[in-house]
Amino acid sequence: MKGQKLYEEAKKIIPGAVQLFSKRAELFLPRLWPSYYSRAKGCRIWDLDGNSYLDFSLMGVGTAVLGYARKEVDESVIKAIRKGNLTTLNAPEEVELAKKLIELHPWAEMVRFAKTGGEAMAIAVRIARAKTGKDIVLFCGYHGWHDWYLSANLLGKDSLKEHLLEGLNPLGVPKVLAGTAFPFKYNDVETLKTLASKYKKDIACIVMESIRNVQPTKEFIDTVHEIRETLRVPLVVDEISAGFRLTVGGAHKVLGINPDIAVFGKAMSNGYPMSAVIGKSWVMDAAQETFISSTYWTERSGLVASLETINLFQKKEVHRHLISVGRRIKNIWKKSAEKYGIEIAISGIDPIANFIFNTDDPLLWKTVFTQLMLEKGFLASTLCFSSYAHRNRHIKLYKSAVEETFYEMSKKHPKEILKTEVCHKTFQRLT
Ligand SMILES: Cc1ncc(COP(=O)(O)O)c(C=O)c1O
């Protein structure tokens, strides 16, 4: 298997083998995951051996909302880069995209751009700290790899456990940052209130994902708004995963959350590097006072891809499709599990549906699910990002494959089916 051979080579010269933790083979199917692709189109991916799979897993880690190699987006990019992708002068599309994002979010007045989600969040936190002159960030959810965020684990090794990724080691993060970022759980009103009253004089901002796995309660949103107003600090809403999936723009628009800053990445540009920090001018203006600047933030392909992607979102109401696909996928899991007596618990917003096996060894079951689905021609895990490229015919094929897989898992204990090691759950060294 060429992919695994290359992956083994990568481990020797690329620490951790990949650039994004979620793309490690060990998180899916150790030693058997195809790992590398040669090409991709729609929701189909070809590996290095020429095998093709329907992707019902990460869909480019949530970027391929319109599908891989979406014609209109790629053609706009190719046209633009033929005219020069980065020059001494700026790309005019910067202003066009800024206007478009403000049009979609009329509460926002200013925009800064970056390329990745994590750095855009670091920009947002820097702006908030610059504006307030304070250091402490109260946050919930996952926001990337930067020092401001990982510093939460300097106090308790697993402060971040409840926020998507477990076991993140803050090694290399200056210890003096301990006590500058404190997590609270989504909907956990009491912890948020306690933190706000304990650190009120030093709080720079409140940071939260608009939504991840569960719906926000009204009490939670009201409390976040109240604290923001009492402390006069900006509310930063991270839309990197949820944005452009429940509506055209931030999920906060449909959830009744009123941010001062919102941050976008992933879905906004269908696979081209692009992220954005949008916000009210009273806080965004502080970006003039602190130094936030980078050469490749000025390149053109991400801007053009984003304009075309948003154009298609608006024209085709892509979010409606994403929601409907997610609902169907959840239903397939539910019905198949019921049919074969397998205990699962389903959650997530519809376009980012996920489930866990409520069994003796959930990770073993998850690995075997991936193994059996791979054998049927699917990249599949217990998490599925919906895409506009998931059409009826693909969903029907997926349904049959899931049914058959659950049937097989009901007949034999997964231990007897597993052909490799059980997948990893947490961040850890690769050997
Ligand atoms: C909510 C949220 N914030 C931030 C990030 C980090 O984005 P990136 O991986 O582009 O740095 C992610 C990535 O999954 C995310 O889901």
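## Around the ligand

In this predicted model, the ligand is surrounded by 13 residues, and the closest are Gly 117, Gly 118, Gly 144, Ile 240 and Ser 241. Sorted by class, the shell holds eight polar, three nonpolar and two charged residues.

Which helix gives the most to this shell? That is helix α5, spanning residues 117-132, with three residues.

## The nonpolar core

Helix α5 turns up again here. The largest nonpolar core has 129 residues, and the members that touch the most others are Ala 124, Leu 138 and Val 236. The largest share of this core comes from α5, which supplies eight residues. Domain 1 (2-69 + 317-417) and domain 2 (71-316) both contribute residues, so the core lies between them.

Val 236 is a good place to look at the core in detail. Setting aside neighbours within four places in sequence, Val 236 is in contact with Ala 124, Val 125 and Ala 128. Its contacts also include Cys 205, Ile 206 and Val 207, along with Pro 259, Ile 261 and Val 263.

## A look at Glu 96

Now for a residue in another helix. Glu 96 sits in helix α4, which covers residues 93-104. Is Glu 96 buried or partly exposed? Glu 96 is partly exposed because 14 other C-beta atoms lie within 10 Å, whereas a buried residue would need 20 or more.

Glu 96 can also be paired with a residue far along the chain: Leu 303 is 207 residues away in sequence, and the C-alpha atoms of the two are separated by 8.9 Å.

Definitions and conventions: Residues are numbered from 1 along each chain as its sequence is written. This is a predicted model: local features need pLDDT of at least 70, side-chain atom pairs count only at pLDDT 80 or more; totals for chains, interfaces and linings use all residues. A residue is near a molecule or strand if its C-beta atom, placed from the backbone, lies within 6 Å of it. Helices (H or I, at least four residues) and strands (E, at least two) are DSSP runs, numbered from the N terminus. Ala, Val, Leu, Ile, Met, Phe, Trp, Tyr, Cys and Pro count as nonpolar, Asp, Glu, Lys and Arg as charged, and the others, Gly among them, as polar. A residue is buried if 20 or more other C-beta atoms lie within 10 Å of its own, exposed if 12 or fewer, and partly exposed in between; C-beta atoms are placed from the backbone. A nonpolar core is a set of buried Ala, Val, Leu, Ile, Met, Phe, Trp, Tyr and Cys residues joined through C-beta atoms within 7 Å. Domain bounds come from an automatic or database domain assignment. Two residues are in contact if their C-beta atoms, placed from the backbone, lie within 7 Å.
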